[in-house]
Structures are given as C-alpha cells and as structure tokens.
Amino acid sequence: MDDLRIRTAAPADLDTVLAFWEEAAEGTSISDDQDGVARLLDRDPESLLLAERDGELAGTVIAGFDGWRCHLYRLAVHPGHRRRGVATALLAAAEERFTALGGRRGDAMVLNENEPAHRAWGAAGYARQPQWSRWVKPLRP
C-alpha cells in the first residue's frame with residue numbers, strides 16, 4: 001500500500017471524479033453533477049478525499065463535518081483496486097480529519113441493497129443503526 005496516495009480533491013478533479021463514480025460507485029445522488037461537487041468543494045475544500053495509485057484514481061470518500069456530525073458519503077473503490085487497502089486508507093484519512101475538527105462519531109450513508117458495502121463498513125468498525133431511517137425531500141425538481 002506504499003504506492004497509495006490520499007489527497008483532497010481540487011476543482012480540476014470534478015470531471016474525473018464524476019466519471020469515476022459512474023464506474024465505481026453504487027447508486028446515484030441528486031448532487032452527482034458539476035454544480036453539486038463544486039458547491040461541496042467551495043463550502044468545504046478538504047471534504048472530498050481521493051486515493052490515487054500510480055497516478056490513477058483508485059477511490060473516493062466524502063468526509064463532511066457540519067460542526068455537529070461527521071458524515072461519510074461516496075466511499076467508492078475502483079473494481080480493479082478493491083481488496084487492496086484503498087477503502088481502509090480513505091476511512092483512516094476521513095477519521096483523522098474528523099478527529100482534528102473535534103468530531104465524535106462518523107456516520108455513513110450505505111444503500112440497503114449493497115451487501116458488499118455492508119461487509120466493508122462492518123469490517124471498518126461501523127454498525128447499522130436499525131432504529132433510524134433517512135427521510136429526504138428534494139429541494140428542487
């Protein structure tokens with residue numbers, strides 16, 4: 001894993017990240033577009049973490065902190081880089097970020113049907129909270 005580099009995303013990475021998510025991420029989000037990711041980076045420039053191996057994007061995670069909760073989104077690893085420590089390194093970097101910001105607990109959004117993700121999150125020490133449900137309302141059509 002010595003050849004893995006974790007860094008924060010820059011505006012120049014937006015097209016690459018969006019294309020990567022189409023290939024490596026499960027599901028889509030209402031914010032998976034240039035404007036959505038650009039707003040994320042404008043608001044919190046260090047929130048989108050990228051893992052690169054040999055100059056190639058191998059994984060991503062959004063580690064957002066709102067001052068109250070530490071939210072993890074878009075943990076995605078390219079199929080050719082899975083089971084090689086990429087997710088572990090990304091989550092360690094996210095957790096270090098949260099700790100430095102004063103965060104106390106990370107929470108992750110994980111699709112119910114994504115069983116491989118459930119195993120990965122469990123292996124990383126995260127547990128499902130069955131008493132909670134996510135309620136959403138799109139703010140624009």
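**Confidence, one arginine and a pocket**

Among the elements of the chain, confidence peaks in strand E2 (residues 48-53), with the highest mean pLDDT at 98, while helix H4 (residues 115-123) has the lowest, at 91. This is a predicted model, so these scores come first. Taken over the chain, the mean pLDDT is 93, and 99% of the residues reach 70 or more.

What does the record say about this chain? An unreviewed UniProt entry carries the annotation "domain: N-acetyltransferase", which covers residues 4-141. Over residues 4-141, helix makes up 33% of the chain and strand 23%. The C-alpha atoms at the two ends of that stretch sit 39 Å apart.

Now for a single residue, Arg7, which is found in strand E1 (residues 4-8). Its side chain makes a polar contact with the side chain of Asp13, at 2.9 Å. Asp13 also turns up when neighbours within four places in sequence are left aside: Arg7 is then in contact with Asp13, Leu48, Leu49, Leu50 and Glu52. Strand E2, the element with the highest mean pLDDT, spans residues 48-53.

Next comes the empty space. Rolling a probe the size of a water molecule over the atoms shows where such space is left. The second largest pocket holds about 160 Å³ of it. Which residues line this pocket? The lining consists of Phe65, Gly67, Trp68 and Arg69, together with Gly102, Gly103, Arg104 and Arg105. Sorted by class, the lining has 3 charged, 3 polar and 2 nonpolar residues.

Technical notes
Residues are numbered from 1 along each chain as its sequence is written. This is a predicted model: local features need pLDDT of at least 70, side-chain atom pairs count only at pLDDT 80 or more; totals for chains, interfaces and linings use all residues. Side-chain values use heavy atoms; hydrogens and water are left out. UniProt positions are given in the numbering used here, feature names are shortened, and annotations may be inferred rather than shown by experiment. Helices (H or I, at least four residues) and strands (E, at least two) are DSSP runs, numbered from the N terminus. pLDDT is the predictor's confidence in each residue, from 0 to 100. A polar contact is a pair of N or O atoms within 3.5 Å; within protein, one must be able to donate a hydrogen and the other to accept it, and residues adjacent in sequence count only if both atoms are side-chain atoms. Contact means heavy atoms within 4.5 Å. On a 1 Å grid over the protein atoms alone, a cavity is a set of points where a 1.4 Å probe fits but cannot get out, and a pocket is an open set with protein on both sides within 12 Å along at least five of seven lines; lining residues have an atom within 4 Å of a point. Grid points are joined across faces, edges and corners, and a volume is the space filled by probe spheres set on the points. Ala, Val, Leu, Ile, Met, Phe, Trp, Tyr, Cys and Pro count as nonpolar, Asp, Glu, Lys and Arg as charged, and the others, Gly among them, as polar.
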